[in-house]
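Reader: I'd like a close look at one part of this model: the enclosed space inside it. Could you walk me through what surrounds that space, and then take in the aromatic rings as well?

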Amino acid sequence: MSGAGGGTGLRERKKRLTYRAISDAAVALFLERGFDAVSVAEVAAAADVSKPTLFRYFPTKEDLALHRFAEHEDEAARVVAARPAGVPPLEALHRHVLDGLARRDPLTGLNDEEGVLAFHRLLYGTPSLVARLHAYQVRSERALAEALCAAGAQGIGARLAAGQIVAVLRILAEENWRRIEAGERADDVAPDAVAAADHAFAQLRSGLG
């Protein structure tokens with residue numbers, strides 16, 4: 001590509017590469033030494049950027065660890081917005097969850113790779129990260145409520161539905177992670193994870209229509 005468009009595309013790619021490099025350096029340090037034991041200055045040095053540059057990409061230290069969740073905070077909303085014609089929002093979300101389980105998407109909790117487990121231990125063992133994750137979930141609810149409104153839901157009903165759906169997704173993932181952290185293999189947990197997702201969405205359908 002050439003011209004202004006090409007320059008803009010190159011800048012965006014460089015930004016994404018820098019964003020990922022900073023976060024990867026941060027997560028590696030956090031996993032090695034613990035979140036509270038690592039300073040922002042140490043992360044900047046490891047990523048070979050200045051502190052002001054780091055803060056342009058990540059406003060808080062917690063964001064350094066949780067960018068993978070930030071990238072997915074509007075995922076449920078995107079699934080609803082992009083669903084095929086004639087497919088209800090709950091059906092689209094149910095299919096999406098089952099697909100994630102089949103792919104062993106770390107966000108479903110159904111992943112027993114050591115690096116994924118180590119990251120989850122870091123997350124759930126650090127109160128400030130858990131609190132920050134809650135902020136992402138609030139934004140996820142807000143985005144999903146807007147998508148549900150566009151799909152025909154109205155007012156408080158859309159907000160209530162979004163809150164219930166996001167809570168279900170969180171609980172399903174936490175239950176999968178809890179079992180794997182206790183020593184079970186993802187392949188062994190998978191049938192129960194699928195059954196739990198089916199049960200959860202059946203409850204949502206009966207309550208939300």
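Author: Lining the largest cavity are 32 residues, and those nearest its centre are Leu 107, Thr 108, Leu 169, Arg 170 and Ala 173. Keep in mind that this is a predicted model. The volume of that largest cavity comes to about 680 Å³, and the count is one cavity of 30 Å³ or more.

As for who supplies the wall, the elements giving two or more residues to the lining are α5 (75–81), α6 (89–103), α7, α8 (127–150), α9 and α10 (186–208). Helix α9 gives the most, with eight residues. Sorted by class, the lining has 17 nonpolar residues, nine polar ones and six charged ones.

Two of those helices turn up again with the rings. Tyr 124 in helix α7 (residues 114–124) and Trp 177 in helix α9 (residues 155–181) make an aromatic pair that links distant parts of the chain, 53 residues apart. Their ring centres are 4.9 Å apart and the planes are at 40°, so the pair is tilted. Trp 177 is buried, at 16% relative accessible area, whereas Tyr 124 counts as partly exposed at 32%.

That's one of five aromatic pairs in the count. Another is Tyr 19 with Phe 58, which is stacked, with 4.6 Å centre to centre and 20° between the planes. This pair also links distant parts of the chain: Tyr 19 sits in helix α1 (residues 3–33) and Phe 58 in the loop between α3 (51–57) and α4 (61–70), 39 residues apart. Phe 58 is buried, with a relative accessible area of 1%, while Tyr 19 is partly exposed at 22%. Add Tyr 57 to Tyr 19 and Phe 58 and you have one aromatic cluster.

There's a ring with a charge to look at too: the charged end of Lys 61 sits over the ring of Phe 35, 4.4 Å from its centre.

Last stop, Ser 50, in the loop between α2 (40–47) and α3. Ser 50 is partly exposed, with a relative accessible area of 35%, and its side chain is joined to that of Thr 53 by a polar contact of 2.9 Å. If you want a sense of distance, Ser 50 and Asp 112 are 62 residues apart in sequence and 35 Å apart in space, C-alpha to C-alpha.

Methods. Residues are numbered from 1 along each chain as its sequence is written. This is a predicted model: local features need pLDDT of at least 70, side-chain atom pairs count only at pLDDT 80 or more; totals for chains, interfaces and linings use all residues. Side-chain values use heavy atoms; hydrogens and water are left out. Rings of Phe, Tyr and Trp (its six-membered ring) pair if their centres lie within 6.5 Å; planes under 30 degrees apart count as stacked, over 60 as edge-to-face and the rest as tilted. Helices (H or I, at least four residues) and strands (E, at least two) are DSSP runs, numbered from the N terminus. Buried means under 20% relative accessible area, exposed over 50%, partly exposed in between (1.4 Å probe, protein chains only). A charge sits over a ring if NZ of Lys or CZ of Arg is within 6 Å of the ring centre and within 35 degrees of the ring normal. A polar contact is a pair of N or O atoms within 3.5 Å; within protein, one must be able to donate a hydrogen and the other to accept it, and residues adjacent in sequence count only if both atoms are side-chain atoms. On a 1 Å grid over the protein atoms alone, a cavity is a set of points where a 1.4 Å probe fits but cannot get out, and a pocket is an open set with protein on both sides within 12 Å along at least five of seven lines; lining residues have an atom within 4 Å of a point. Grid points are joined across faces, edges and corners, and a volume is the space filled by probe spheres set on the points. Ala, Val, Leu, Ile, Met, Phe, Trp, Tyr, Cys and Pro count as nonpolar, Asp, Glu, Lys and Arg as charged, and the others, Gly among them, as polar.
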